[in-house]
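Grab a coffee and let's work through a fold together. Have a look at the structure before you try the exercises.

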Amino acid sequence: LFEGQDVYCLLVDDDPLQLALTEELLKQSHVQVVGCTNPHNVLELLRNTVFNAIITDIQMPTLDGYHLLEQIRTSGIPGTDKIPVIALSASIAKEHEHYLEAGFTGFLNKPFTAAQLISLMNELLTLHLEAKSELNFSSLTAFAGGLSLYTENLLGGNPQEHRLTSGCVRGKRSGGSLPDIS
């Protein structure tokens, strides 16, 4: 259930397919998303738009998630010292606590389910979002043919797990529409 609050999320991932899938599941849970495949554009986006959360991949070739987090926290841009930053990684080499100790607010292993991501957003932002139990990614995966297993893993979970509750987020975005920066 979405309580009518606007939730704005900056999503950073160098993999366009992962970015599109994650962006779609967030949008279907009523989160406004700006997708960014180039982490070097993040500070400019943060100067022009106020986000409630940032979700970033860890392993990106030109600027990894750790260095991106450091740039965000030390940028001096209002609010960036406290904004929740969620790390995403397919690596199983590091434990969850490693990412928290590195300064991230939350962490999810890839592939993750819609319920896991929305639950983490609810927890970190005191939200009351509900993950859709049946998301439709056919428009995003039609060109790839064999991605049904991947999307099943992304969506996974029991529909009962998708019922999530918490409070509401209070956040504002500076004017203008949310661009899709790639």
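Below are three exercises on this predicted model, each with a worked solution.

**Exercise 1.** Work out the order of the strands in the sheet, and find which strands stand at the edges.

*Solution.* Start with the order: the five strands run β2-β1-β3-β4-β5 in an open sheet, with parallel pairing. Next, look at the ends of that order. β2 (32-36) and β5 (106-109) each have a single partner strand, so one side of each lacks a neighbour in the sheet. As for twist, neighbouring strands are turned by 20° against each other on average, direction ignored.

Now zoom in on one pair. β1 (residues 8-12) and β3 (residues 53-57) pair in the parallel sense over four bridges. Within that pair, Val12 sits opposite Thr56 in β3.

**Exercise 2.** Which strands does helix α3 touch, and which does helix α5 lie across?

*Solution.* Take α3 (residues 65-73) to begin with: it packs on the sheet against β1, β3 and β4 (85-89), and its direction makes about 155° with that of β3. Then α5 (residues 114-125): this helix lies across β1, β3, β4 and β5, running at about 175° to β5.

**Exercise 3.** Find the buried residues of α3 and explain why they line one face of the helix.

*Solution.* First, list them: Gly65, Leu68, Leu69 and Ile72 are buried, taking under 20% relative accessible area as the cut-off. Seen down the axis of α3, these buried residues fall within an arc of 100°, so they line one face. A general rule helps here: an α-helix has 3.6 residues a turn, so residues three or four places apart point the same way. Finally, ask what covers them: the cover includes β1, α2 (42-48), β3 and β4.

Notes. Residues are numbered from 1 along each chain as its sequence is written. This is a predicted model: local features need pLDDT of at least 70, side-chain atom pairs count only at pLDDT 80 or more; totals for chains, interfaces and linings use all residues. Side-chain values use heavy atoms; hydrogens and water are left out. Two strands pair if DSSP finds at least two bridges between them. Helices (H or I, at least four residues) and strands (E, at least two) are DSSP runs, numbered from the N terminus. Axes are lines fitted to C-alpha atoms, for helices over the stretch in contact, and angles run from 0 to 180 degrees between N-to-C directions. Contact means heavy atoms within 4.5 Å. Buried means under 20% relative accessible area, exposed over 50%, partly exposed in between (1.4 Å probe, protein chains only). The arc is that of the directions from the helix axis to the C-beta atoms.
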